[in-house]
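Me: I'm new to this one and would like a close look at a single part. Could you walk me through one strand and what sits around it?

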Amino acid sequence: MTRTVLIVSVVLAAVIAGGVAWWLTHPHKPPTEIVLYGNVDLRQVELAFNGSERVAAVLASEGDRVTKGQVLARLDTGRLAPEAAQAAAQVDAQRHAVDKLRHGARPEEISQARANVAAALADAGNARDKYERLLTLAKSSSGRALSRQDLDDARSAAESTAAHLTVDRQALRLQLIGPRREDIAQAESVLEGNNAQLALLRSELADAVLVAPMDATVRSRLIEPGEMAAPQKPAFSLAITDPKWVRAYVVETDLGDVHPGMKATVTADAFPKRSFAGWVGFISPVAEFTPKTVQTPELRTSLVYEIRVFVKDPGDELRLGMPATVHLPLPPPPPRPG
């Protein structure tokens, strides 16, 4: 029994010595890259009309690639267009009214007012002279030359023409002074209100045309001609194909070797002989437990950090949710001293 134990000990010692010798003659090479597993991700937009009106036309369908500014659908503008035209006419009319107040009376209107004053002055002078003559005659004849009624009528005519003269003189003065500042301010405020109403109606007309806010692909067409549109009801679901990224997770022990802007290579099972260039664009500052969908060789209970590796895909070949592998090359280790 002692001999057997001795033989086993000798064999184990030889195996250990051989392993140590192999380790010393074949040094362990550090890893040259970090391999992560994730899925292709991209942004999606739920696009809706900004107004409530009946849909007149839908110009895009599922799978269409649309460009920024491209018209996707239109609403019926049979009600809005006449309202906008009416508001534009009101703005034009009020603008002329403001200009009229700002410019004041025309020279011809002032000349007319002066002529009215001259005529009223002549009438008042004639009426006053007539009344004075009749009054002198009545006094000289002790009232026998004319009736009391004739004298009263002459006095009333003189007073009336004098009053008309005062009115015409005030009218001329107002023409020379021009409109009140308050009247001009009021007219300008009305014009601003009309302009605001016109801008609102024109904005509603513009909102009746639904355009693509960026280059994208139509994922879902959710509205048809004849339906009632509403801001709460999406009309299209768009997928923004640029940029795309791979959502992956890196363990804490590798976090120090990963930094934003780091070059990366992305491969997918659908394209076994191809690779896509990319770079690290985002590293989460908060750790989390490994999601169930993540495929990593580490334990699923370990803490990981989400990263986004942006990838160049000019041909739009990578699809949403597609499994992908991320290769992050590591720099070579520094040479050993001596």
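Reply: Two strands count as paired here if DSSP finds at least two bridges between them. With that in hand, let's look at β11, keeping in mind that this is a predicted model.

β11 covers residues 303-311. On one count, β9 (271-283) pairs with β11 over five bridges, in the antiparallel sense. One of the places to look is Ile283, whose bridge partner in β11 is Ile307. β11 also pairs with β7, again antiparallel, this time over eight bridges. There, Trp245 has Phe310 of β11 as its bridge partner.

How much of β11 is buried? Seven of its nine residues are, so the strand is mostly covered, "buried" meaning under 20% relative accessible area.

That leads on to the nonpolar core. The largest one has 24 residues, and Leu36, Val266, Leu318, Val326 and Leu328 are those that touch the most other members. β11 supplies the largest share of this core, with four residues. Other strands chip in too: β1 (33-48), β7, β8 (263-268), β9 and β12 (323-329) each give at least two residues, as does β11. As a general point, nonpolar side chains tend to be buried together in soluble globular proteins.

Val266 is a handy spot to zoom in on. Setting aside neighbours within four places in sequence, Val266 is in contact with Val309 and Val311, as well as Val246, Ser275, Phe276, Ala324, Thr325 and Val326. There is also a second, separate core, made of 21 residues, with Val58, Val66, Ile223 and Ile240 among them.

Now follow β7 away from β11. β7 spans residues 234-251, and four bridges join it to β6, the two running antiparallel. Ser220 stands opposite Ser237 of β7. Moving on from there, β6 (residues 216-221) is joined to β3 (residues 65-66) by two bridges, also antiparallel. Val66, which we just met in the second core, has Ala216 in β6 as its bridge partner.

β7 has one more role in the picture: with five residues, it gives the most to the lining of the largest pocket. That pocket has a volume of about 220 Å³. Its lining is made up of 14 residues, and the ones nearest its centre are Thr241, Asp242, Pro243, Asp313 and Pro314. Sorted by class, the lining has seven charged, six nonpolar and one polar residue.

Terms used
Residues numbered from 1 in each chain as written. Predicted model: local features only at pLDDT ≥ 70, side-chain atom pairs only at ≥ 80, totals over all residues. Heavy atoms only, no water. 1 Å grid on protein atoms, 1.4 Å probe; cavity = no way out; pocket = protein on both sides within 12 Å on 5 of 7 lines; lining within 4 Å. Points joined across faces, edges and corners; volume = space filled by probe spheres on them. Nonpolar A, V, L, I, M, F, W, Y, C, P; charged D, E, K, R; others polar. Core = buried A, V, L, I, M, F, W, Y, C linked by side-chain atoms within 4.5 Å. Buried < 20%, exposed > 50% of the residue type's maximum accessible area, 1.4 Å probe, protein only. Contact = heavy atoms within 4.5 Å.
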